[in-house]
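User: I would like to learn how to read the features of a model like this one. Can we go through them in turn?

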Amino acid sequence: MKHYTFCIINILIFLILGTPNTNSQTVLSLKECINYAIENNLHLKSAHIKEAQNVHTISENQSKLYPHVSGFVSFNDNFNPPVSATDQSANGSPYHITHTLQYSTGMGFQLNMNLYNQAVLSSIKLVKQTTNLNTLNLQKIQEDIILNVAQLYLLAQTTNEQIKLIDNNIQNLSQLRNLTKTYLDNGMILEVDLQRIDLNLNNLNTTKENAELFLQQQYNSLKFIMDYPAEKKISVEPCNIFQATKSDATGLSILLPELQILEQYIDIAQSQLQVTRDNYLPSIALTGFMQWNAWTGDLKRWRGGYPDNKLWNSYGIGLTLKIPIFDGMSKHAKIKKGELNIQDSRIKYQYAQRDFQTKYDNALLQRECSYTTLMREKEAYSLAQNVYKITSYQYTEGVTSMSDVLQDQMNINQARASYINAYINFKMANLSIIKLTGQIHTLAK
């Protein structure tokens, strides 16, 4: 009996302690979220695959410099064989008629190799610049993901802290309700005073429910960017929203991937123009062949010991020189088009540079303005809390009315909302400065 009881106790302990809690949340830091997203984001994985293709793309184009050898096998049936004539005036006859045999077959190899082709060399350089573009696009996607994760993480932290503040207000108002209920039971106040508190409690609970829904949406968006399992629950680390730290404003970085991509487009446009010009330069290629041929007028003769049953071999090498002379003014049009493409790429780069500089200047102004507003709203929120405490105390002493208490409670709610809004604006402007100064990768360290 004792052994049976002991087994039951062990089973209960295992069920209580050993069973995993499926509702538990994993608390992730900003660094962990960013690194997880970099490793698992599907968009980033696709960009990594494109970058891995760069090596093969370069090798594919470099193969144009190597010998190309191809084999062939042919069989022809000339239903109406052609006739050829040769001059036989030296032999006393005006010409000699030769009838082509009906059947022919052949096989062999052909060789082709560029010895000098400046257009091919320029094309290889162009391909390398194009592959560098994929690398820069990968860097841009990575920085965009870091920024998006940081923004969502910040919003989740702020919403989480907002819920805590709402809970604190609900707790204070609930204590006030209990006191008001006591006053009502003793006939010291009217029932409408208690109803006013219930109305404010209901509004706070609704605000909390909306904030919790918004928080869950932020977590879902964060898990989507990270490619985190949707069925698992996560949460962010707590933060002190009453502390605001400014990042270093070192100026707009010229190494932003967006600017480097546009700068790369200028180089690509210049290389494309060079390829166009090089296509009109002379080129030299090495050619060669080795083949075996046979002819007959009757297929049966290939089966026996006839003279037709024989393969005649031939081989040789040569040089092919190509000199473009006239292409109907196509060269002139292509060069003009290429020059305009270079001008357009430079204008786009200048426009983007000024655009990012404007965004940086505006982000600095936004951060300073948000910081000033933040300090004011922080002071207003602290003042609203102090006033509410004094009014609540006076209410318990019967000095002030319930309307004053509820009005001060509404002032706290408005001050809290204003402060949180200013805090989000400040942090978002600060993130923009981190991005534009090229410091976005420091968030993952």
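**Strands and sheet**

Analyst: Strand β7 (residues 283–296) pairs with β8 in the antiparallel sense, over 11 bridges. This is a predicted model: local features need pLDDT of at least 70, side-chain atom pairs count only at pLDDT 80 or more, and totals for chains, interfaces and linings use all residues. Residues are numbered from 1 along each chain as its sequence is written, and side-chain values use heavy atoms, with hydrogens and water left out.

User: What counts as a strand, and what counts as a pair?

Analyst: Strands (E, at least two residues) and helices (H or I, at least four) are DSSP runs, numbered from the N terminus. Two strands pair if DSSP finds at least two bridges between them. Strands of a sheet pair through backbone hydrogen bonds, either parallel or antiparallel. Here, Ala285 stands opposite Thr320 in β8.

User: What is the strand order in the open sheet?

Analyst: The order is β2-β5-β7-β8, an open sheet of 4 strands with antiparallel pairing. β2 (68–77) and β8 are the edge strands, each pairing on one side only. From one strand to the next, the twist averages 20°. Axes for such angles are lines fitted to C-alpha atoms, for helices over the stretch in contact, and angles run from 0 to 180 degrees between N-to-C directions.

User: Which residues make the nonpolar surface patch?

Analyst: Patch residues have over 30% relative accessible area and no salt bridge; like charges are joined within 9 Å, nonpolar side chains (Val, Leu, Ile, Met, Phe, Trp, Tyr) within 5 Å. Areas come from the Shrake-Rupley method with a 1.4 Å probe, and for residues only the protein chains shown count as cover. The patch covers about 1,100 Å² and is made by Leu115, Tyr116, Leu281, Ile284, Leu319, Leu321, Ile323, Ile325, Phe326 and Met329. β5 (103–116) and β8 (312–322) are the elements that give two or more residues to the patch.

User: Is Leu115 buried or exposed?

Analyst: Buried means under 20% relative accessible area, exposed over 50%, and partly exposed in between (1.4 Å probe, protein chains only). Leu115, in strand β5, has 47%, so Leu115 is partly exposed. Met329 is exposed at 53%.

User: How does one check the span of helix α5?

Analyst: Take 1.5 Å times one less than the number of residues. Helix α5 (residues 191–226) has 36 residues and should span 52 Å; its end C-alpha atoms are 52 Å apart, which agrees.

User: Which residue follows α5, and what is the sign of its phi?

Analyst: Most residues other than glycine have a negative phi, and most peptide bonds are trans. Asp227 follows α5 with a positive phi, near 60°. Asp227 lies in the loop between α5 and β6 (233–236). Met329 also is not a glycine and has a positive phi, near 70°; Met329 sits in the loop between β8 and α7 (330–396).

User: How many salt bridges are there?

Analyst: A salt bridge is a side-chain nitrogen of Lys or Arg within 4 Å of a carboxyl oxygen of Asp or Glu. By this rule the count is 13. One of them joins Asp167 and Lys208, with the closest N and O atoms 2.8 Å apart. Asp167 lies in helix α4 and Lys208 in helix α5, so the pair ties together parts that are 41 residues apart in sequence.

User: Where do Glu161 and Lys164 lie?

Analyst: Both lie in helix α4, 3 residues apart, about one turn of the helix. Their salt bridge has its closest N and O atoms 3.4 Å apart. Glu161 is buried at 11%, whereas Lys164 is partly exposed at 42%.
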